[in-house]
Amino acid sequence: MDRIVDLDGAAAEVAARAPGWRAAGLVVGELTWRDAAAPWPQGLETDRARVGDPDSMGVLVSGPRETVLSVVLFRGGWADVDYLGDEDAGALAASGIDSAAVFGLRLAAWVVRVFGERAGRRSRG
């Protein structure tokens, strides 16, 4: 898989926004990492130091009334983004991510989409 996005940089984007999300009442889960060099089936790690060649990084954000946003970013420049909201659920478009900064902006927009403007105002990193 091509290395288009710096996953450590993307993790820093999550870390910069997490305090604002928490202040807005959201719960930000631990980051998860998958190691491309690990034998199949590749498990997920929460300790970045245990992952030598990361090919994905994920985060789960939850809010009131069991609202959930799940984001898994792949170093190839796309993400799997799924959500369960108050009145709907689904997947959000997540391709063409070419940097950690772009990921941070897209992540902030997904949080607003799922949790509303209040969370978005608090997540500006």
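**View 1. The aromatic pair of phenylalanine 103 and tryptophan 110 in the predicted model.** Phenylalanine 103 is buried in this predicted model, its relative accessible area being 0%. Tryptophan 110 also counts as buried, because its relative accessibility is 6% and the limit for a buried residue is under 20%. The ring centres of phenylalanine 103 and tryptophan 110 lie 6.4 Å apart, and the planes of the two rings stand at 65 degrees, so the arrangement is edge-to-face. This is one of two aromatic pairs that the structure holds.

**View 2. The aromatic pair of phenylalanine 74 and tryptophan 78.** The structure holds two aromatic pairs, and the one shown here brings the ring centres of phenylalanine 74 and tryptophan 78 to 5.2 Å from each other. Their planes are at 15 degrees, and the pair is therefore stacked, given that planes under 30 degrees apart are classed in this way. Phenylalanine 74 is buried at 10% relative accessibility, whereas tryptophan 78, at 34%, counts as partly exposed. The loop between strand S5 (68-74) and strand S6 (78-84) is also where arginine 75 is placed, and that residue is the subject of the next view.

**View 3. Arginine 75 and its surroundings.** Arginine 75 is buried, with a relative accessible area of 7%, and is found in the loop that runs between strands S5 and S6. The side chains of arginine 75 and aspartate 53 form a salt bridge, with a distance of 2.7 Å from N to O. Because aspartate 53 belongs to the loop between S3 and S4 while arginine 75 belongs to the loop between S5 and S6, this salt bridge ties together parts that are 22 residues apart in sequence. Salt bridges with shared partners also join Arg3 to Asp53 and Arg75, so that these residues make up one network. In addition, the side chain of arginine 75 reaches the backbone oxygen of proline 54 at 3.0 Å. When neighbours within four places in sequence are left aside, the residues in contact with arginine 75 include Met1, Asp2, Arg3, Ile4 and Val5, as well as Asp53, Pro54 and Asp55.

**View 4. Arginine 48 between aspartate 8 and tryptophan 33.** The side chain of arginine 48 meets that of aspartate 8 in a salt bridge, at 2.8 Å from N to O. Aspartate 8 is part of helix H1 (residues 7-23), and arginine 48 is part of the loop between strand S3 (44-45) and strand S4 (54-62), so the pair links parts of the chain that are 40 residues apart in sequence. Both residues count as partly exposed, aspartate 8 at 37% relative accessibility and arginine 48 at 26%. Arginine 48 also lies over the face of tryptophan 33, at 5.2 Å from the ring centre.

**View 5. The salt bridge of arginine 50 and glutamate 45.** The count of salt bridges in the model comes to eight, and the one in this view is formed by the side chains of arginine 50 and glutamate 45, which meet at 3.0 Å from N to O. Arginine 50 is exposed, with a relative accessible area of 57%, while glutamate 45 counts as partly exposed at 25% relative accessibility.

Terms used:
Residues numbered from 1 in each chain as written. Predicted model: local features only at pLDDT ≥ 70, side-chain atom pairs only at ≥ 80, totals over all residues. Heavy atoms only, no water. Helix = DSSP H or I, 4+ residues; strand = E, 2+ residues; numbered from the N terminus. Buried < 20%, exposed > 50% of the residue type's maximum accessible area, 1.4 Å probe, protein only. Polar contact = N/O pair within 3.5 Å; in protein donor to acceptor, adjacent residues only side chain to side chain. Contact = heavy atoms within 4.5 Å. Phe/Tyr/Trp six-rings, centres within 6.5 Å; stacked < 30°, edge-to-face > 60°. Lys NZ or Arg CZ within 6 Å of the ring centre and 35° of its normal. Salt bridge = Lys/Arg side-chain N within 4 Å of Asp/Glu carboxyl O.
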